[in-house]
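Here's a quick briefing on the layout and the pockets of the structure below. Have it open while you read.

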Amino acid sequence: MFIKAVNLTKIYRKGSSKIVAVNRVNLEVKNGEFIVIVGPSGSGKTTLLNLIGLNDYPTSGKIFIDGVDATMLSKRERRKIRLLRIGFIFQTFNLFPTLNALENVELPLALAGKSQMEQRERAIKLLKSVGLADRIFHRPRELSMGEMQRVAIARAMANNPEVLIADEPTGELDSETSREVVGLLSEINRKQKATVIVATHDERIVRVASSVYRIVDGKLSLE
Amino acid sequence: MRLASMSLKNLNRRRLRAFLCILGVALAACSIVTVGASTSRYIRVMVEMNTFFNGDLIVVAKDVVVIQGFPIGGVIPQTVVNKVAEIEGVEKAVPMLFNFNFKPGKVSTVLPVNVSIGLPLDEWHMIIGSSTFKSGNLPKNDSINQVVVGSSIADQYGITAGSKLSLRGCLLVVSGVFNSPSAVLERSIIMSLKLAQEVYNYPMQINMVIVEPEAGISQRVVKNEIESKIYGVMALTDDERNDLTRPFINTLENWNLTMQGTLLVLSVVLIAVVGMLNVSERRRDFATLDAIGAPSSYIFSIVIIENLLIGVFGGILGILLGCLTTVFLASFYTTIPVNLFLLDVFGLVPPFYMLEIFFMIVGACCVGGIIPALNATRVRIAETLKSEY
């Protein structure tokens, strides 16, 4: 998947004041790249990832996905891309508390219309690949932070997306677990040739990246 | 299946709230069933009373209160029967003594819904024509103290054919126990007119005459004749008897409908408020669902199915409670033991009515879930997830 952002701008308005979260960002992400975006809190990292991940609409500018202007796509088409072509990992994991690890991973597969058997096989395989073979029937509250993040990674990879977007994936984790998560993301990028875009403060992630960008006050620059 | 399971788990996550919500819906369903079934029962009994003398006129004392086929009090001399019979256009005139409230000896005190009916033995078919005998038979002649008893009373007091019954100091012999589709007859003691006059101390008095007009003669013509020639009585046609009770029945039905409507609206409001609260608390879940590509219809369905489940559980619980309350109320107001009503619970609350209420409640819960469900689909991913950090 080739992603291109052109003059991407996102402005939040609160009463009479306006906050420019992303300011005329231009970015090209080629297939198989591992991109890291660093920047202080409130600099616009999450907003930029949400725009790239089609979770939000820009105030101005465009995002092209394989040459198609994603801002012009219908809600349904954007959802389909999010479901099948983009995997999103949240800082706070955002697992469904009522579902166990297996069901959390099965959910995107079910949404993609996979059969029960396919869902089960794929989810178990993914959970094994992130080292959670013995925790598949545990609910999020019964898992550690690191385990929850690994379930979230497995869920993001469920439909074998071309792009994996991770927003501060180690932000809530201790250093040992962070290292494991970094390893997983790097492995996904190398072995599955998935494009990985990560917003982080974590130096370990910066070290495995192919390109590092810095965002300050919504402005993006290559490091 | 996955949706239902997910919704069920979501309800289970907020157990206390879900339980209280189900209880609220159940109380609404219970009230609807209780009020509806009790009202329908009384209306059914009233309507049923008019089916006894369909096509006939009834002659009663002037200005007496008449509920469908039967007068409440108001006596007329038995000689009126002969006068009526002599009127042109009258095929047959049958005297009847109809009485509410009796005390069956040592067994019980006042039973306000019970009735006793006295009429000539050869005319009993007018009343119990369609009934079948559970035990025993009709009395052999008019002179002996024999009665037949409806099976509801018989079951309550353990009466069978051959039992002896003390009624207002008179010793009666039960010659038969009959089953009837009529609730009134099920609670009746039927005896000869002479015996009824003796038991109730109405010598040569009756309180109604059933008049069958000759073929081709309208009830209206016979009515006018009777009222013009016999002093102190009124003759009521089918239509007039219906007209007398129609306003009352209409009022009852309207009251019932208003009550049902109000409770349903309250259920919708309750469900909507709780649903909004649930959606508001789970904005992150809905935003995450949206972020991983769940279609709006999927998110909408989760909320609606949760409401549907509340409706199903609340509906079932409410109907069960409603049946019990109806039974206890019926027993309380009639002094008929609860166990007798329990055996006939489907008679009190017909299965079709239960289904009707069940689907109404489930429907109301789904309607109440529409606004929360729409809200859930409108959650903005970026803003919601950002605010959670």
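The C-alpha centres of domain 1 and domain 2 of chain B sit 46 Å apart. Keep in mind that this is a predicted model. Domain 1 of chain B comes in two pieces, 2-47 + 245-388, while domain 2 of chain B runs over 63-231.

**Chain B overall**

- Chain B holds 15 helices and 14 strands.
- Its radius of gyration is 29 Å, well over the 21 Å that the globule rule gives for 389 residues, so chain B is more spread out than a compact globule.
- Along the principal axes, the C-alpha trace of chain B spans about 95 × 45 × 30 Å.
- Even with that spread, 54% of the 389 residues of chain B count as buried.
- Looking at contacts in chain B with a separation of 6 or more, 76% come from residues 24 or more positions apart.

**The largest pocket**

- You get about 830 Å³ of space in the largest pocket.
- Its lining counts 28 residues, and the closest to the centre are B:Arg41, B:Val45, B:Ala183, B:Val184 and B:Arg187.
- Two or more lining residues come from each of these chain B elements: helix 2 (15-50), helix 5 (151-157), helix 6 (183-186), helix 12 (338-343) and helix 13 (345-348).
- Helix 2 of chain B is the top contributor to this lining, with 7 residues.
- Both domains of chain B take part: domain 1 and domain 2 each supply at least three residues to the lining of the largest pocket.
- Sorted by class, the lining of the largest pocket has 16 nonpolar, 5 polar and 7 charged residues.

**The second largest pocket**

- The volume of the second largest pocket is about 450 Å³.
- There are 23 residues in its lining, and those closest to the centre are A:Tyr12, A:Gly42, A:Thr46, A:Thr47 and B:Lys386.
- On the chain A side, strand 1 (3-14), strand 2 (17-29) and helix 1 (45-52) each give two or more residues to the lining of the second largest pocket, and helix 15 (381-388) of chain B does so too.
- Which element gives the most to the lining of the second largest pocket? That's helix 15 of chain B, with 4 residues.
- By class, the lining of the second largest pocket breaks down into 5 nonpolar, 10 polar and 8 charged residues.

Notes
Residues numbered from 1 in each chain as written. Chains lettered and ligands numbered in written order. Predicted model: local features only at pLDDT ≥ 70, side-chain atom pairs only at ≥ 80, totals over all residues. Heavy atoms only, no water. 1 Å grid on protein atoms, 1.4 Å probe; cavity = no way out; pocket = protein on both sides within 12 Å on 5 of 7 lines; lining within 4 Å. Points joined across faces, edges and corners; volume = space filled by probe spheres on them. Nonpolar A, V, L, I, M, F, W, Y, C, P; charged D, E, K, R; others polar. Domains from an automatic or database assignment. Rg over C-alpha atoms; globule rule 2.2 N^0.38 Å. Buried < 20%, exposed > 50% of the residue type's maximum accessible area, 1.4 Å probe, protein only. Contact = heavy atoms within 4.5 Å.
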